[in-house]
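Here is a friendly walk through one protein model, section by section. Keep the structure open beside you as you read.

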Amino acid sequence: MTEKTESPRIHLLDPATINQIAAGEVVERPASVVKELVENAIDANAGSVTIELALSKDTITSIRVTDDGSGMSPADAECAFVPHATSKISSLEDLHRIQTLGFRGEALATIAAVSRVTLTTKPRGSGGVPGTRIVIEGGKILETAATGSPDGTNVLVEDLFFNTPARKKFQKSKNTELAHIHELLEGICISHTDIAFHLFLNGNELLVTDRTTRPLDTIARLFGSEVTRDLVPVKASLPFITITGYVSRPALSRKDRARMLVTVNQRYITSQPVSEAIKAGYGTLLSKDRFPVAFLSLGIDTTLVDVNVHPTKKQIRLSREKEITDAVRTAVRDALFAHDLIPAVESPAIVRHLIPGPAAVNSYDFSVPPQAGVFELTHAGTVSTDKRLRQTELSIDSQPTYIVSSLLPEIEVIGEFGGIYILARTKQDELLLIDQHAAHERILYELVSGYAKETRPSQELISPVILHRTTKEAAVLRDLLPALAEEGFILEGFGGDSFLVRAVPVVLGRLEETTVIDEIISDLVSEEASQNVSNRERITRIVACRGAVKAGTVCTQEQCQRIVDQLRMMQNPFTCPHGRPTMIRFSRKELDAMFHRL
Ligand code: ADP
Ligand code: MG
């Protein structure tokens, strides 16, 4: 082999190229520029920050951020654009006690590397001394001059990505970019309610907040005062964490996680473990696919938080994550259960839509009598419902009474409707509509979950029940036999794909119709196992659902009263285990409004 002598292939990049590459990480899009500049203003202790965006055709052509913060001396102003120049930390140790949003000294250098920046600044309280103006383009200083300037700093960014065409092209439509900026500012406003923010687009005001000591004012400003009506305060303090803020009553839930705003040490962040902990605090108050609205600010010992995970610092790493998320979950749960969570009927306007107009009335056919059997109580039906209710009642009585006072007021049953809803009233002149199945399901659920592992009572069937399954189902079921046994279901193989059920949990009562067993096993084998829910929890929920009095079962007034009395003893009487409400309340005032009696 002959070796050719070539000039070396490896060489150092020039600083301009290095900065452009670094810009790829810090300055992804226009919103990143806004983020970095606003964070610098906050770090400079500004009391007011104004963001002005200019838009022409379909791109954001300039971003200006003005603050009334500390400002910079002429020397500092020039130094601010040097990569890794920062006034915020001086050593590695400082990283563990970061109180500022910035510390990497990268933002101004990288923004200036991919745009044209005009910085005007003057130190606060410097009197008649002139300020400094620096123009820098693609990393090269074009101009430095003394200039007249108010106290504080004003950074104008134009021609963003002029020298990185790929990124420029990559910019999404203006609406996407504006949405990013808007969302970012919501987070920043929430985490700094003590600063006034103004966002303008081509001179039009898009978002404004005032300086306030009441975070609720800021929330109302940003998300509407209707939202604040459905929030309950959260407050918890442990040696390594303080948690303050608001979470929504379950009635105000969403399909997505977009309204769960979390700040850690006044930094707006996204943290999946923390979001999950908030959701977990709702337990069965919300269904799997619904998410709460939450504004939580966590104060965590800075040594436990690593913000230096990514250049944008939106993600953080938490030491003692488990303890922190446990604290969040508990704080949310305690806050919820300290408050009345019965959803009120929505606005009268919505109810009006439910009342048919004249045209719709014609489509009702009043000539057909109600189906016999559905509305008439049969003696046999009453007796079997009675048995079911008694079963849970007895078991409740034998439970330790850890619930000292009920979260619900005293409730008096007035009647029932359609075998589905219980009509009731409270002493506070409220009308309640209670979902009979959901209520009983909640009762069974808490009862079964309340049993300690060793004492989940089982009851032998007088005659064992035979279940036939498909081969696939039988395989799933075989795997679940130990988990089922722990819950009180004693099943054994009965040749081929058949099983013999010898005993069931006591709460299912003295089963007369054994179809319930078949339903429970069917639910269990057909439902996909989820990682977040243990087998015990799944079985408990299914038993509660299948064991509860079914919708359509007409109950006597006395039976309804028993359901309601049992429900009042529950830890969470507000929702069924799937997160549906157990009751809806109409206050006298709301009813009066619906009838225009005001
Ligand atoms: P970092 O914020 O990580 O320190 P930057 O590149 O964003 O890095 O800013 C560099 C330095 O410039 C900051 O440390 C700060 O001293 C100064 N600076 C930047 N923006 C402002 C501002 N709006 N007001 C006062 N000083 C500022
Ligand atoms: Mg910065």
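Contact here means heavy atoms within 4.5 Å. This is a predicted model, and the values below should be read in that light.

## A buried glutamate in α2

With that meaning of contact in hand, let us begin with Glu36, a residue of helix α2. Is Glu36 buried or exposed? Its relative accessible area is 5%, and because buried means under 20%, Glu36 counts as buried.

What does Glu36 touch, not counting residues up to four places away in sequence? Its partners are Val26, Ala107, Ile111, Pro311 and Lys313.

## Strand β3 and its two partners

Strand β3 covers residues 116–122. Six of its seven residues are buried, so the strand is mostly covered. It pairs with strand β4 (residues 131–137) through six bridges, and the two run antiparallel. As a landmark for this pairing, look for Thr118, which stands opposite Val135 in β4.

β3 also pairs with strand β6 (residues 152–158), again in the antiparallel sense, over seven bridges. Here the landmark is Val117, opposite Val157 in β6. When you inspect pairings such as these, it helps to recall that in a regular strand the side chains alternate between the two faces of the sheet.

Ser149 belongs to the loop between β5 (140–147) and β6. With a relative accessible area of 16%, Ser149 is buried. Leaving aside neighbours within four places in sequence, Ser149 is in contact with Thr120, Thr121, Lys122 and Gly131.

## A hairpin and some positive phi values

Strands β7 (residues 196–201) and β8 (residues 204–209) run antiparallel and are joined by five bridges. Phe197 has Thr209 in β8 as its bridge partner. The hairpin that these strands form has two residues between the strands, and Asn202 takes a positive phi near 45° there.

Two loop residues also deserve a look for their backbone angles. Asn45 has a phi near 60°, a positive value in a residue other than glycine. It is found in the loop between α2 (30–43) and β1 (48–56), and it is exposed, with a relative accessible area of 57%. Arg320 has a phi near 50°, likewise positive in a residue other than glycine. Its place is the loop between β17 (317–318) and α10 (321–337). Arg320 is partly exposed, at a relative accessible area of 41%.

## The three-stranded sheet and its helices

Further along the chain, which order do the strands of the open three-stranded sheet follow? The order is β21-β23-β22, with antiparallel pairing. β21 (458–468) and β22 (490–493) are the edge strands, each pairing on one side only. From one strand to the next, the twist averages 20°.

Seven bridges hold the pairing of β21 with strand β23 (residues 498–505), which run antiparallel. Within this pairing, Leu467 has Phe499 in β23 as its bridge partner. Helix α15 (residues 471–486) packs on the sheet, where it touches β22 and β23, and its direction makes about 25° with that of β23. Helix α16 packs on the sheet too, touching β21, β22 and β23, with a direction about 65° from that of β21.

## Helices α16, α17 and α18

α16 (residues 515–526) also packs against helix α17 (residues 535–547). The angle between them is about 140°, and their axes are 10 Å apart. α16 passes α17 in a right-handed crossing. On the α16 side, the contact is made by Val516, Glu519, Ile520, Asp523 and Leu524, while α17 supplies Arg538, Ile539, Ile542, Val543 and Arg546. What kinds of residue make up this contact? Six are nonpolar and four are charged, with no polar ones.

Helix α18 (residues 557–568) has 12 residues. It reaches 17 Å from its first C-alpha to its last, close to the 16 Å expected at 1.5 Å a residue. Which residues of α18 are buried? They are Gln559, Cys560, Arg562, Ile563, Val564, Gln566 and Leu567.

Methods: Residues are numbered from 1 along each chain as its sequence is written. Chains are lettered from A and ligands numbered from 1 in the order in which they are written. This is a predicted model: local features need pLDDT of at least 70, side-chain atom pairs count only at pLDDT 80 or more; totals for chains, interfaces and linings use all residues. Side-chain values use heavy atoms; hydrogens and water are left out. Axes are lines fitted to C-alpha atoms, for helices over the stretch in contact, and angles run from 0 to 180 degrees between N-to-C directions. Helices (H or I, at least four residues) and strands (E, at least two) are DSSP runs, numbered from the N terminus. A crossing is left-handed if the near helix is turned anticlockwise from the far one by less than a right angle, and right-handed if clockwise. Ala, Val, Leu, Ile, Met, Phe, Trp, Tyr, Cys and Pro count as nonpolar, Asp, Glu, Lys and Arg as charged, and the others, Gly among them, as polar. Buried means under 20% relative accessible area, exposed over 50%, partly exposed in between (1.4 Å probe, protein chains only). Two strands pair if DSSP finds at least two bridges between them. The expected span of a helix is 1.5 Å times one less than its number of residues.
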